[in-house]
Amino acid sequence: MTAESASLRDQAQPLHPVREVWIYFRQNRGALAGMVVILVVCLLALLANLVSPYSPIAQYPDCQLAPPIWQDRDPADFAQCVGHYYLGTDPAGRDMLSRLIFGARLSLLIGVIVVTISLAAGIGLGLLAGFFRGPVEIAIMRAMDILLALPSLLLAIVIVTILGPSLINAMMAVAIVTLPNYVRLMRAAVLGEVNKDYVTASRVSGAGLLRLMFVTVLPNCMAPLIVQATLGFSSAILDAAALGFLGLGAQPPTPEWGSMLSGSLSYMERAWWVVTLPGLAILITVLAFNLMGDGLRDALDPKLKN
Amino acid sequence: MLRFILTRISLVIPAFLGVTLLTFAMIRLIPGDPIEMLAGEHGIDPARHAELLHQYGFDRPLLVQYAIYIGQVLRGNLGISLSTHAPVIRDFLQLFPATVELSLAAMLFAIVVGLPAGMLAAVRRGRILDHSVMGLSLTGYSMPIFWWGLLLILLFSVNLGWTPVSGRIDIAYDFDTVTGFMLIDSLLSGQDGAFTSALSHLILPTIVLGTIPLAVIARMTRSSMLEVLNEDYIRTARAKGLSPVRVLWVHALRNALIPVITVIGLQIGTLMGGAILTEYTFSWPGVGHWLVDSIARRDYPALQSGVLLVATAVILVNLTVDLLYGLINPRIRHVR
């Protein structure tokens with residue numbers, strides 16, 4: 001066989017799906033930028049212990065509200081303050097940079113947990129609703145309609161009030177609030193697949209219900225779910241931060257971006273960095289996830305573009 | 001049309017019942033029973049506790065309790081606030097106009113800026129203007145609005161001193177509430193500078209609350225406009241020699257608006273959620289601020305009924321929007 005015919009044969013083979021998605025994805029510069037930012041944030045979060053200069057909860061009483069390193073500080077106020085606080089310190093004298101880095105770890109963790117819970121529950125309920133028409137479907141979809149009738153933040157507040165304010169409960173609340181999106185997407189995707197010939201073929205050749213659900217149908221419904229999960233990261237981080245800001249999420253001294261903001265509200269006029277930086281961290285991370293989600297949507301299925 | 005209206009209304013009833021189930025469950029799922037909650041930190045004598053449990057019917061089967069609750073709700077008896085000792089419904093109605101005023105202003109802002117921005121982006125597709133509008137709107141969509149509010153306060157109130165930090169109007173002004181809308185009431189009062197004061201208080205919260213709807217509207221307008229601009233009838237209109245302005249604003253916009261109106265309708269419910277954060281940031285005396293305060297004060301009757309009332313308001317708004325679509329777009333009426 002000559003080299004020429006070998007390369008011809010290679011060209012004739014269809015691209016691997018992941019490769020195909022990647023080819024489309026990388027053409028979108030915004031999405032690529034988003035991905036790079038997310039990778040950097042992930043790296044910071046993983047290596048938080050190594051890269052952050054101080055402990056995120058250690059307090060340095062001599063250095064309360066020290067300005068970032070490039071800003072001139074009043075020598076009289078900070079005579080005892082010897083540390084290098086690159087992004088300044090908060091009202092309790094904790095290093096902002098370290099808190100922001102550990103906050104990245106927390107925010108990503110929130111995203112992972114919330115998306116995992118709502119994705120798993122959404123897939124389960126969506127499959128049930130799609131496979132069992134009738135009462136099961138009606139019950140599930142009506143329940144989702146009720147959840148959708150309430151403004152999501154209000155519902156999250158109700159859930160946190162019931163469970164008590166804490167980071168875990170805030171994550172539960174956000175997961176429940178975002179659940180309807182996944183269930184609806186999943187059900188719609190299942191309904192689109194379930195009557196296709198390959199499913200019937202599988203059924204006829206004796207596949208059990210669980211096999212039909214998870215092995216036959218589920219993989220073909222993944223595209224919209226992957227997109228929703230990526231975008232779900234951004235709304236999870238945003239909503240958890242909002243709850244933290246209202247004092248209903250992570251409690252001090254946990255270095256969570258939203259509660260860092262609410263803890264320093266009264267110092268806003270004296271120290272711009274205590275409110276500006278945590279919010280900027282939220283914005284950049286959320287924006288990155290949204291950019292990547294948009295890019296994935298275009299790459300996975302051009303029809304999904306609205 | 002009547003059939004359409006009736007179906008839509010019948011869909012609302014289960015949603016409302018679901019919400020009552022949620023608010024009913026909410027008060028019972030909070031750790032500790034309602035009597036202990038009312039007693040607060042001082043605790044309560046066990047005999048008195050049992051007596052009160054019986055008096056308020058908390059010892060009866062849950063289903064009976066729920067039926068009683070629904071009966072109370074339908075009669076408009078929504079309980080007494082623990083902190084103001086006034087009926088919750090009265091507190092709510094006093095604060096509700098402030099939230100409505102803010103939400104309307106925010107929606108108006110979002111439409112007035114978002115619609116032209118989306119159209120411009122569509123017309124200049126692929127150019128710098130398009131990229132900047134889309135970049136900005138994605139940033140707006142990703143914005144933690146509570147922080148956005150703080151930034152604006154820092155810039156315009158603290159550094160420049162242009163706008164006030166919080167509240168609805170300067171405390172120097174005092175006039176009767178007529179409509180509950182500060183802009184209208186201040187005009188009616190005829191006092192010098194009252195209207196300007198109310199307006200300057202409203203500007204920043206409006207921008208903050210309007211940011212996300214603005215981003216959504218701009219994105220939707222752009223994509224809907226791009227689709228319409230490819231239609232044959234637009235080519236025909238151009239070929240007839242109509243001016244580009246006329247083609248864009250008269251021929252294209254009309255059809256491009258249909259999905260945009262849908263999105264605007266969907267955003268109204270979202271606005272209520274955003275209002276909670278915006279009101280909290282700007283100490284805006286509305287329903288959202290009151291709900292957050294109720295949590296902090298552990299004022300459970302206010303919280304329970306407040307959630308029910310807000311949810312009902314959202315359901316009713318969504319119903320109205322739904323019915324309006326049916327009126328505007330006959331095709332929707334005949335689906336299902």
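How many residues of chain A are in contact with chain B, and how many of chain B with chain A? Keep that in mind as you open this predicted model. Select both chains and look where they touch: 32 residues of chain A are in contact with 36 residues of chain B.

Next, stay on the chain A side of that meeting place. Select residues 135-149, 152-163, 222-245 and 272-300, which are α6, α7, α11 and α13 of chain A; each supplies at least two residues of the side that touches chain B. Now highlight α13(A), which gives the most to this side, with 9 residues. Try colouring the touching side of chain A by residue class: you will find 23 nonpolar, 6 polar and 3 charged residues.

Now show chain A by itself. Chain A has 13 helices and 0 strands, so to speak a run of α after α when read along the sequence. Turn chain A around, and its C-alpha atoms fill a box of roughly 80 × 65 × 30 Å along the principal axes. Of its 306 residues, 44% count as buried. If you draw the contacts within chain A between residues at least 6 apart in sequence, 70% of them join residues at least 24 apart.

For the last stop, move to chain B and select residues 88-123, the helix α5. Because each residue should add 1.5 Å, its 36 residues should span 52 Å, and the end C-alpha atoms are 51 Å apart, which agrees. Then zoom in on Leu95(B), where α5(B) has a kink of about 30°. Shortly after this kink comes the proline Pro97(B).

Terms used:
Residues are numbered from 1 along each chain as its sequence is written. Chains are lettered from A and ligands numbered from 1 in the order in which they are written. This is a predicted model: local features need pLDDT of at least 70, side-chain atom pairs count only at pLDDT 80 or more; totals for chains, interfaces and linings use all residues. Two residues are in contact if their C-beta atoms, placed from the backbone, lie within 7 Å. Helices (H or I, at least four residues) and strands (E, at least two) are DSSP runs, numbered from the N terminus. Ala, Val, Leu, Ile, Met, Phe, Trp, Tyr, Cys and Pro count as nonpolar, Asp, Glu, Lys and Arg as charged, and the others, Gly among them, as polar. A residue is buried if 20 or more other C-beta atoms lie within 10 Å of its own, exposed if 12 or fewer, and partly exposed in between; C-beta atoms are placed from the backbone. The expected span of a helix is 1.5 Å times one less than its number of residues. The bend at a residue is the angle between axes fitted to the seven residues ending there and the seven starting there.
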